[in-house]
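Me: Got a minute to go through a structure with me? I'd like to talk about its sheet and some of its helix packing.

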Amino acid sequence: MCSCGSIGNASALPLPNEEASTFLDHDEIEGGNIAMNDAFDVSSVTVSTSEYVDGFPLLSWARTYSNRYTGTEVLLNDAAHGNCCGLCANSSSFCADQDSVDNIKPSQNVPIYSASILDTSRRRFVQLASTFGVVAFPSRAHGTDYDSSFPIASSSVSPNNNIIAVPTAPLSPFSSTRTYRNIVLSNGLQVVLVKDTQAQRSSVALTVDGAGQFADPKELPGLAHLMEHIVLSSSRAKTKVIQRRARKIWRNRLENNRIDRDVNTGDKSDEQDFEDWLSDNDGDSNGFTAPGFVCFHFNSLHECLPEALERFAQLFTLDAVETTLEKPHVITREIGRVDAELDRTSDASRAFYFLKSNFDPEHPFSRFTAGSKETLDTHPNELGIDVAENLLQFFRDRYVASRATLVVVGNDELRALDRWVSPFSSVMSQRSDLSDASNRNLQSKLHANKDRDLVQTIILRSNDDAQVDENIQTMAIEWPLALVYSNGPQARQTHSRHTITAPAVGFLVSQIISRRGPGSLRYFLEKFNWVPKGSLTKGVPRISFPVDVNGFQVLRMEIGLTLDGFANRSAVAAAVFESIRTSISQPLQLDLIKQYISTAWVHGYLFSPRPPDAVSLAVDALRFGVGGTGICVQGYWHIMPSPEDSEGTETMRRIVSDTLTKMSVEENAIVSYRASPKAIFKFSQGIVDQKISTPPVFSPWKVEPVTSARYLVESRMNGGASYFNSLAWFAAKFDGDELTPPFLNPLIPTKFRPPRPVIQRQGAWGVRSFFLDDANAYDEPTQKNRSGWRLTNAGLWREYQTTDFPSDSVDVDRSNWSMWQIPPGYSQLIGLPLPARPPEPSIEGVYVIQLLSSLPSSFTLRQLMLSNLWLLSFDEDILDLSELGAAAGIAYETSFNSSGLRLSFRGVSQTLPSYVRRFCRRLVQYHLRLLDGTFKIPDSVYQKAVMDASRSSKINRLMKAGNNVGSNPSQISEQQVANQGSFFLECTAGGVLITQGDILPNEGKKLMEEIRYIFRDYTRASNHFGTNPVLRDLLYRPYWRPRDSSPCLLPGIALISDGK
């Protein structure tokens, strides 16, 4: 059996029965008693205790319901633990024996009802946090889907128990694989337990708020970092070996040679350091010290988790810390490790310490908090400071249990995880009078350069940093912020409203500043050749937060510049500030904010490739709290408010507007450039910027004290703004291009609909699941043809036999178009491969359009080169559409195959059809744009075609076998490419539309009719070009475009992704 929870009210759905329009109503499922509606009378209820499972009584009851209108009698047998609700989380039925339908004694020719909950092959559709309506279909009126020609294992045919499950809201990602529980131990420690059935390893994280870098004493910079090392180096005292060995035997998961230890001799590993023991047992641990908190984490094998937790808890006891601090060699060793971690050469490290030097020396961020031998050994010895005593006092004052959060993720039951965390009830300090000193007065000392003139700093890159490109320079603009997340440490457990954090604000700012297309900042920078063209990351304004604590944040924007961009660096800076001022020239629309939030929900939550790990949960718990509006709430995303949350979206709009207003003031910003020697001494002079000729060893060059980086402070030339404005004027005058405020994206929904109704059909071959048009649809008798089973309900689509479909060919009807739908339960067997997604039913849909033509299989070398150029250049022509779609989670793919041209699309099913229509219209008109000169093929496309040709095995075979004349892509004109594209479309003999995912049959049928109309002037070729492809051959793995539709590359996604 399984643990149970409560289910919300289920909506009642009418039965499509001609004789009895009755329905089951599960609004009152309580204690195993199902209260039926007025159409049913409860004839009898019998409750008995048959056995005990896991120490809990297993109750069984049998209820007989009589329909007063039809006389139907239904017997339901159920079982559950104690006062169970009757619906278990790990069961696909009401804890019932499915064979109970055999005990039903209906009247003659009276329909049989069987209550069941849908369990698809992807994951269980039923979740404790969701609400469903359940419909039991009668078998007499709608048959059993049995065909005498279909081979079955036995002569008996099961009755048709078809059901429809309808979710009332989008399901919480990974809710079917994860179960949460949060508890507070006696010492005030907040604990979050996570049972993850798909976890490959167990993971644990512990965060302590107020024990980060900002808590360092002024006389001991780096003490918090050293404390982290000391804790992980603590040696544990002997524990109860006999109890641990008994637990291993009870779990029976370790190897025999590790279980059969001699108890009398003790466990030699008792005296090992935690890290050494964990390494010996195939695990690893680490920690990090952030400005506001410290985090410790480890992962291990599932069978080692109980002992690992016990050992981990011992690290945080006062006795263990005192024992470690009594060993001077341990402190010396850890100081050396702290010093070795100091990065003095990388580009990022130099930028970080330069940023710290720009703040008031009294501000905690300006201090050196990483720690080194000088700050933790040499200087303390000179001043007579006892480091060990300060460490012990720091542990007592800062490592407070009530300010800490422990997260445990494993595949064991929650009650077992609950037992294993009991040692943590006696760890750390239990002080309750600790003030939030680490975040005090952060807002009053934000910036030390308010009275300076507009300056910019050039930082010389280190020759030791091999990860940088000397032709790409990095521009960084940083602004201090002052977002307050909560009123104190107690507020993190129960937030009354959604907490708006810097990463969430930064994500929306990145959508505004880093957007692409006409009118955007990137468009102008690429137009003037100031940033790399075609780069997915280098030329994109990237938003990050080098420091993010309650009350103090630093927002950083980085842009990769070309050598020309560095030479005109003052003009680039002017363009950035002008674009920010343009974005707030009009009040931000609330619908625009909702769209940006929807983008975050799609990429960071609904389509997240994996659930948040223990570290992410532990860190987020400090900021958002646990429960309420915090973490571990099914169906609620704590990082970003819902687009339907009017209060949250309005608060977000106000904070984003205020942030952009602060960013538009140039005096509030720190502007710097990390440049290579080549750029500084050969390409530093532009139209307004002066040439740098002074060697870095002489003045006015300065030296940053921590990394020894050399930097030069220069005035930001006032002519930069004039120069950019003049370029922008010419662009607007002659090309019609100008900076514009952000605009609404028609492809991003502001309200997500729930996944569609799914019917589960039980026939002679087993269980199948597929979509119907609505909750009231029903399944008419089906007939088998040579291509599989056809659903005769409106004749809209086909489903496939698992034994026949690999060899079935696609039939094209007289209209030259046909539609096929992959049923929901078949995506694991046949379907277009998709990126990793949560296992729950999704709102993602897939359309595959195959334009049928045998021409690609007989392409000559020249035709193949022209056709590839046609597709590659088309990618450039629809760049504006593809970038709009990428923000909405939409991607596409185009590729030739032996059966013609395949067009694949994936994305949110609400707006995907609109994208497909726009795409197809652009495709059929593209050759006209090439012929009239509206679009010119860029040189980069020719270069890409050459590269693709060199890697193509087919092109290489054709080149060896035939004439190569005219096959060089650089010698091909736009007219030749246009003629080849038009010729291919004229040689198509029809098309196939394949749908997959959250798409109803009527939606697919409607889109197919629209596509047929778009391609009406084509797809009429003779049967000479016809082809009958095998369905599986059309569903090969796609290479999605644009690549920035991936959550890893979309601007700002890294800030809010739970998968980080």
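Reply: Sure, let's take the sheet and then two helix pairs. Keep in mind that this is a predicted model.

Me: OK, the sheet. What's the strand order in the open sheet of 6 strands?

Reply: The order goes β8-β9-β13-β10-β12-β11, and the pairing is mixed. At the edges sit β8 (178-184) and β11 (284-289), each of which pairs on one side only.

Me: And how much are neighbouring strands turned against each other?

Reply: On average by 10°, with direction ignored.

Me: Let's zoom in on β10 and β13. In which sense do they pair, parallel or antiparallel?

Reply: Antiparallel, over 6 bridges, with β10 covering residues 202-209 and β13 residues 404-410. If you want a spot to look at, Ala-205 stands opposite Val-407 in β13.

Me: Which strands does helix α1 touch where it packs on the sheet?

Reply: Helix α1 (residues 223-232) touches β11 and β12 (293-300). The direction of α1 makes about 160° with that of β11.

Me: What about α5, which strands does that helix lie across?

Reply: Helix α5, residues 305-314, lies across β10, β12 and β13. Relative to β12, α5 runs at about 150°.

Me: Switching to helix pairs. At what angle do α22 and α23 pack?

Reply: About 170°, and their axes are 11 Å apart. Here α22 is residues 879-887 and α23 is residues 912-931. Anything over 145 degrees counts as roughly antiparallel, so α22 and α23 are roughly antiparallel to each other.

Me: Is that crossing left-handed or right-handed?

Reply: The crossing of α22 and α23 is left-handed.

Me: Which residues meet there, and how do they divide by class?

Reply: From α22 you have Asp-880, Leu-881, Ser-882 and Gly-885, meeting Tyr-915, Arg-918, Phe-919 and Arg-922 in α23. That contact divides into 3 nonpolar, 2 polar and 3 charged residues.

Me: Now α12 and α18. At what angle do their axes cross?

Reply: Roughly 65°, and the axes come within 10 Å. Helix α12 spans residues 502-513 and α18 residues 646-663. The crossing of α12 and α18 is right-handed.

Me: How many charged residues does the contact of α12 with α18 have?

Reply: None: there are 11 nonpolar residues and 1 polar. On the α12 side, Ala-504, Val-505, Leu-508, Val-509, Ile-512 and Ile-513 take part. In α18 they meet Met-652, Ile-655, Val-656, Thr-659, Leu-660 and Met-663.

Conventions
Residues are numbered from 1 along each chain as its sequence is written. This is a predicted model: local features need pLDDT of at least 70, side-chain atom pairs count only at pLDDT 80 or more; totals for chains, interfaces and linings use all residues. Side-chain values use heavy atoms; hydrogens and water are left out. Two strands pair if DSSP finds at least two bridges between them. Helices (H or I, at least four residues) and strands (E, at least two) are DSSP runs, numbered from the N terminus. Axes are lines fitted to C-alpha atoms, for helices over the stretch in contact, and angles run from 0 to 180 degrees between N-to-C directions. Contact means heavy atoms within 4.5 Å. Angles under 35 degrees count as roughly parallel, over 145 as roughly antiparallel, 65 to 115 as roughly perpendicular and the rest as oblique. A crossing is left-handed if the near helix is turned anticlockwise from the far one by less than a right angle, and right-handed if clockwise. Ala, Val, Leu, Ile, Met, Phe, Trp, Tyr, Cys and Pro count as nonpolar, Asp, Glu, Lys and Arg as charged, and the others, Gly among them, as polar.
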